[in-house]
Amino acid sequence: MEYISTRGKVEPLGFIDAILMGLANDGGLLVPKTIPQLSKETLQQWQNLSYSELALEIFSLYVNNEIPRDELKQLVDDSYATFRDEAVTPVKRLNDGTYVLELFHGPTFAFKDIALQFLGNLYGYVSRKTNSIIHILGATSGDTGASAIEGVRGKEGIRICILHPHQKVSQVQELQMTTVDDANVLNLAVEGTFDDCQRIIKELFADVEFKHRYHLRAINSINIARILAQTVYYFYAYFQLAKDNQAEKVNFSVPTGNFGDIFAGYLAQKMGLPIHKLILATNENNILERFVREGVYQPGAFRGTYSPSMDIQVASNFERYLFYLYGEDAQAVTAIMDQFKAEGRVVIPADKLQVVQADFAAYGVQNEECLDTISTYYEKYAYLLDPHTACGVAAADQIVADGEVTVALSTAHPAKFDESIRLRGIKQTYPEQIQALFDKPQFQTVVGGSNDEIKDQLVKFF
């Protein structure tokens, strides 16, 4: 197994080198050179595996023995031992056609824990094995930051700096990041939006000399390890439904802003998982919905919503999908991304739009519609959805046909977004770990949104 860049100007890499490179040195994103193909027999053999056993089998396909199997198993077991539910990602039935895949049972109550507990342990492993320095730089719209910090705090040989948009994440998300007082953690609150934070990260990683001098490593979903880890729960959820004879036509409805979570589903499907529909759920920042419906990818005016982790205009994983949409033609992808940089929009031809619409359905959920969905499901099923999960459920309600089964990805515990939920008069009890945050001091530095200001902070920290 080797990894190549979507822009074609990086020599093929092994797994560990790909993880360490993060953003490809030519500005593209790394993808597997070939996607492993799974037979029906293999899928049947995997059906009764535990979550950790399944993760080990899937990672083994992509690691290519660079990590001995017994050591990889230890990394996987350590990563998922921190989860509060034995199933790691349990599947809960809401009604005959709708299930939720609970991805929030990790240390920070968000789906990002599933990939970042593993990636944190993987970076620790690489640092020990190679005696190398790991300086992690990441941006967050809320959940990635806390999950990444939790994955590496206190680990020897690793330092982490996380950028988040100042006062544009939920209170709990901010507290989870900024109440950490470990010496190897730096929180920078950037005056701007998440898109500003993400742009800074990409531009700093594209400065190859700076990246190498300061040993910068990526924790965002530009890192292919994030995507690989997220494919596992699509398989796991499908197998749970198959056990109950519910796997005839299984859809996945995925709340997404950065295209990473749904791209993991797309990759699982390309590996051979028989997903019926991949439903792309967005909020009022509906750039991706418009792309699926019209073939136009163009950022618009930023909208603050009740689902703030999806308040994203530029989806960093979109380029990975373009690579496959254009038949793995790196030259075509480079030309499209150059055009996007110059003109701020991408328009694809009608034949490509047909392919996109075969790959995805899409629906943008309006703000009040999101809250209505929370209220309805709470009253009907006594199940409390966080506002991002509510977008996934609302999209499924709009798109799914009778007789189909849909798994909505539940991406965060509702306690992380109580500000939105309280608007409908719903009171919830915080988990003990979250309640404890409110009494802790915070540690963060507010900075402007220029690359130079961030660089200055990094040089002092690293």
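**Exercise 1.** In this predicted model, identify which residues form a negative surface patch, and state where Glu-191 is found.

*Solution.* The negative surface patch is formed by Glu-191 together with Asp-452, Glu-453 and Asp-456. To place Glu-191, look at the loop between β7 (185-190) and α8 (194-206), where this residue is found.

**Exercise 2.** Determine what the salt bridge between Arg-69 and Glu-57 ties together, and how exposed its two partners are.

*Solution.* Begin with the distance: the closest N and O atoms of Arg-69 and Glu-57 are 2.6 Å apart, and the cut-off for a salt bridge is 4 Å. Next, locate the partners: Arg-69 lies in helix α4 (residues 69-80) and Glu-57 in helix α3 (residues 51-63), so the pair ties together parts that are 12 residues apart in sequence. Finally, consider accessibility: Arg-69 is partly exposed, at a relative accessible area of 43%, and Glu-57 is also partly exposed, at 24%.

**Exercise 3.** Describe the salt bridge between Glu-294 and Arg-290 in terms of distance, helix position and exposure.

*Solution.* The closest N and O atoms of this pair are 3.1 Å apart. Both residues belong to helix α12 (residues 287-294), and because they are four residues apart there, about one helical turn separates them. Glu-294 is partly exposed, with a relative accessible area of 46%, and Arg-290 likewise counts as partly exposed, at 30%.

**Exercise 4.** Assess whether the radius of gyration agrees with that of a compact globule.

*Solution.* For 462 residues, a compact globule would have a radius of gyration near 23 Å, and the 20 Å of the protein agrees with this. The C-alpha trace spans about 55 × 50 × 50 Å along its principal axes, and buried residues make up 63% of the 462 residues.

Methods. Residues are numbered from 1 along each chain as its sequence is written. This is a predicted model: local features need pLDDT of at least 70, side-chain atom pairs count only at pLDDT 80 or more; totals for chains, interfaces and linings use all residues. Side-chain values use heavy atoms; hydrogens and water are left out. Patches are made of residues with over 30% relative accessible area and no salt bridge: like charges are joined within 9 Å, nonpolar side chains (Val, Leu, Ile, Met, Phe, Trp, Tyr) within 5 Å. Accessible areas come from the Shrake-Rupley method with a 1.4 Å probe; for residues, only the protein chains shown count as cover. A salt bridge is a side-chain nitrogen of Lys or Arg within 4 Å of a carboxyl oxygen of Asp or Glu. Lys and Arg count as positive and Asp and Glu as negative; His and the chain ends are not counted. The place of a charge is taken as NZ of Lys, CZ of Arg, CG of Asp or CD of Glu. Helices (H or I, at least four residues) and strands (E, at least two) are DSSP runs, numbered from the N terminus. The radius of gyration is taken over C-alpha atoms; the globule rule is 2.2 Å times the number of residues to the power 0.38. Buried means under 20% relative accessible area, exposed over 50%, partly exposed in between (1.4 Å probe, protein chains only).
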